[in-house]
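Visitor: Please take one part of this model and go through it closely. I would like the pocket and the packing around it, in one connected account.

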Amino acid sequence: MNNNTFVQETRTKKTLKLLLPLLLSLILLVPMVSASTPASATGRFTATVAITSISQADGNTIITAIETQTLSGFLTGTRIAIGLEIIHPDDTFNAHDSGTFTGTVNGMSGTAVITGSSTGTGATGSGQFVVELGATGLSGLHAQGTFQPTVTGPTTVTGTYSLQYHFDQ
């Protein structure tokens, strides 16, 4: 090891020793976030769909729509979402939507964003969703779950959901 390398390593070690207490104090100043224990919940939903456009591409039917959901159970309230559904020539589909939920969760009122996606065949399917960005009483709510939609008419859907959730404290 030459003398310049030794001097540089010594300076680096001294600097780190001086900075270590400062770094530790900064880490201790960061607020600790805790979360409630994850829990399970279930519920039902009905939805009415207002189709905003229909197009065709490569044998697929592409539908954009505004969906108004009424939720009951753990999530009790209304969700307005904008979504896209692609129906393939073999009668399978995949859909994605995102919207604002306004209502109550576990007795607390507020709003949150619920984003979901589903796949299926014909009038039945299954999907996943995430609840995030809660405000007011739903601030700190984090949830993810599954749902089973069934098409009940040209513009109506009904189904059930189950989820795992916790609140940051």
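Guide: A polar contact is a pair of N or O atoms within 3.5 Å; within protein, one must be able to donate a hydrogen and the other to accept it, and residues adjacent in sequence count only if both atoms are side-chain atoms. The side chains of Gln69 and Glu67 make one, at 3.3 Å. This is a predicted model, in which local features need pLDDT of at least 70 and side-chain atom pairs pLDDT 80 or more, while totals for chains, interfaces and linings use all residues. Numbering starts from 1 along each chain as its sequence is written, and side-chain values use heavy atoms, without hydrogens or water.

Stay with Gln69. Its place is in strand β2 (strands are DSSP E runs of at least two residues, numbered from the N terminus). Gln69 counts as buried because its relative accessibility is 9%, and buried means under 20% (exposed is over 50%, partly exposed in between; 1.4 Å probe, protein chains only). Leaving out residues up to four places away in sequence, Gln69 touches Phe45, Thr46, Ala47, Gly77, Thr78 and Arg79; contact means heavy atoms within 4.5 Å.

Glu67, the partner of Gln69, leads to the largest pocket. Glu67 is among the residues closest to the centre of that pocket, with Val49, Glu85, Ala95 and Val157. The lining has 38 residues in all. The space is about 790 Å³. Strands β1 (39-57), β2 (60-73), β3 (75-87), β4 (92-105), β5 (108-121), β6 (124-136), β7 (141-153) and β8 (156-167) each give two or more residues to the lining. By class, 20 lining residues are nonpolar, 13 are polar and five are charged.

Now the packing. The largest nonpolar core has 21 residues. Phe74, Leu75, Val105, Tyr161, Leu163 and Tyr165 have the most contacts inside this core. Strands β1, β4, β5, β6, β7 and β8 each give it two or more residues. The largest share, five residues, comes from β8. Take Phe74. Beyond four places in sequence, Phe74 touches Ala41, Thr42, Thr104, Val105, Asn106, Tyr161, Leu163 and Tyr165.

Leu163 and Tyr165 also meet Ala39. Ala39 is in strand β1. Outside its neighbours within four places, Ala39 is in contact with Leu163, Gln164 and Tyr165. The C-alpha atoms of Ala39 and Gln164 are 5.5 Å apart, although 125 residues separate the pair along the chain. Ala39 counts as partly exposed because its relative accessibility is 26%.

Conventions
1 Å grid on protein atoms, 1.4 Å probe; cavity = no way out; pocket = protein on both sides within 12 Å on 5 of 7 lines; lining within 4 Å. Points joined across faces, edges and corners; volume = space filled by probe spheres on them. Helix = DSSP H or I, 4+ residues; strand = E, 2+ residues; numbered from the N terminus. Nonpolar A, V, L, I, M, F, W, Y, C, P; charged D, E, K, R; others polar. Core = buried A, V, L, I, M, F, W, Y, C linked by side-chain atoms within 4.5 Å.
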